[in-house]
Amino acid sequence: MRIKDFKLERYFAEHEFTAKYLLSSSDCEGYSLQSILQQASPTELGIWENLKLGYTESKGHPLLRQAILQYYFINDIEQVVVASPGELNFITMNVLLSPNDHVLVVSPAYQSLSEVVVSLGCEISYWQPDPTKWEFDVSTLATLFQPNTRLIILNFPHNPTGAYLNRQQLDEIVNLARQQQAWIFSDEMYRKLMISQIPELPPISDIYEKGISLWGTSKTFGMAGLRIGWLVTQDKEFLNEVVAFKDYLSICSSAPSEILAMIALNHPDSFIQPNINKIKANIELFSAFIQNHNKLFHFIPPKAGSVAFVKINTPEPTLDFSNRLVKKTGIMTVPAEMFDYPGKFLRIGFGRNNFPEVLKKLDNYLNETH
Ligand SMILES: Cc1ncc(COP(=O)(O)O)c(C=O)c1O
């Protein structure tokens with residue numbers, strides 16, 4: 001199998017642990033182990049303290065799968081599989097697709113959502129938003145269907161634009177998929193990061209019999225280091241194929257991570273709401289910053305999630321701007337090139353604690369140079 005480099009991850013590999021300030025991370029600040037254990041009930045703490053570090057169940061610890069199902073209509077733990085989010089994306093595409101299938105995918109997007117499809121030799125069409133408002137139009141998606149369309153890949157809240165759909169749009173997509181008997185893989189990694197006054201969408205697995213929902217602890221819960229994600233779907237046969245494929249990859253998840261994820265999922269108010277509050281406060285600060293730099297930037301605030309894709313008016317390519325910025329100031333930003341997106345945009349992430357400090361540094365730098 002041949003697969004292209006994952007540009008965004010390669011760029012992070014170069015800078016994430018050497019740059020002093022990260023302004024483009026999509027995850028929320030990582031919670032400490034201690035802060036998770038402080039929320040644990042006596043029973044949960046007992047499970048943690050008596051945990052044996054052997055192999056775990058391939059589908060995921062039953063108590064973790066039970067905790068996950070609090071967030072879905074489905075209530076059968078056989079309809080959940082746990083693994084790392086990227087692994088679940090990789091397995092899903094391998095299980096569902098053959099070389100002559102056609103796939104529709106949101107674009108720009110986290111590269112693995114399209115790259116695994118391409119590596120499997122499938123035909124692919126990209127569903128793109130209007131860049132003046134970062135809105136996706138379902139009537140455009142409808143024109144992209146082909147007789148061999150087998151899968152539609154969604155990602156709302158959307159990385160990198162912060163776009164979101166309304167319920168009517170999601171229902172229209174489900175109707176289009178159903179007419180064609182196509183699957184929907186819905187990457188819901190930023191689920192529940194509802195930062196504006198718009199209604200929350202249900203997970204696709206609640207409303208479509210061929211819908212596959214992906215979520216995990218990395219973004220919403222601020223626990224990327226657990227490497228825990230999960231798929232939920234009504235189709236048990238598909239999940240059995242996922243588990244069989246997983247035997248060639250991780251086989252099972254990390255035992256401590258499963259228990260920590262279970263504790264987090266059982267205490268959402270302690271972890272999700274602080275992240276929402278932080279994102280909102282950082283967006284407000286960024287909006288004020290933009291007022292002072294409105295010749296250089298054009299900002300469409302995200303509707304949901306933790307990131308925005310901000311237009312920048314520089315003569316040079318955005319990659320050059322980002323490279324210079326990190327070299328001169330230690331501030332790492334992700335340029336549009338990492339999403340193979342034409343035009344000049346920077347992804348900005350609002351989930352980190354030191355966002356105000358980093359923004360001040362950027363402000364100083366821009367005041368000196370622009
Ligand atoms: C849309 C989307 N899907 C999946 C992932 C992968 O999540 P993880 O890094 O936890 O594997 C990311 C990470 O940035 C993402 O933005």
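Which residues are around the ligand? In this predicted model, where local features need pLDDT of at least 70 and side-chain atom pairs count only at pLDDT 80 or more, totals for chains, interfaces and linings use all residues. Residues are numbered from 1 along each chain as its sequence is written, and side-chain values use heavy atoms, with hydrogens and water left out.

The ligand is surrounded by S26, P85, G86, Y110, N155, N159, D187, M189, Y190, S218, K219 and R227, a residue being near if one of its heavy atoms lies within 4 Å. This shell divides into four nonpolar, five polar and three charged residues; Tyr, Met and Pro count as nonpolar, Asp, Lys and Arg as charged, and Gly as polar.

Three members of the shell deserve a closer look, with polar contacts taken as pairs of N or O atoms within 3.5 Å. A ligand nitrogen lies 2.5 Å from a side-chain N or O atom of D187. For K219, the side chain places an N or O atom 2.6 Å from a ligand oxygen, and for N159 a ligand oxygen is 2.8 Å from such a side-chain atom. Taken alone, the ligand exposes 390 Å², of which the protein buries 91% (Shrake-Rupley method, 1.4 Å probe).

Elsewhere, four strands (DSSP E runs of at least two residues, numbered from the N terminus) form an open antiparallel sheet in the order β9-β10-β13-β12, where pairing requires at least two bridges found by DSSP. Its edge strands, β9 (297–298) and β12 (334–335), each pair on one side only. Two bridges join β9 to the antiparallel β10 (residues 307–312), and F297 stands opposite I312 in β10.

Conventions: Polar contact = N/O pair within 3.5 Å; in protein donor to acceptor, adjacent residues only side chain to side chain.
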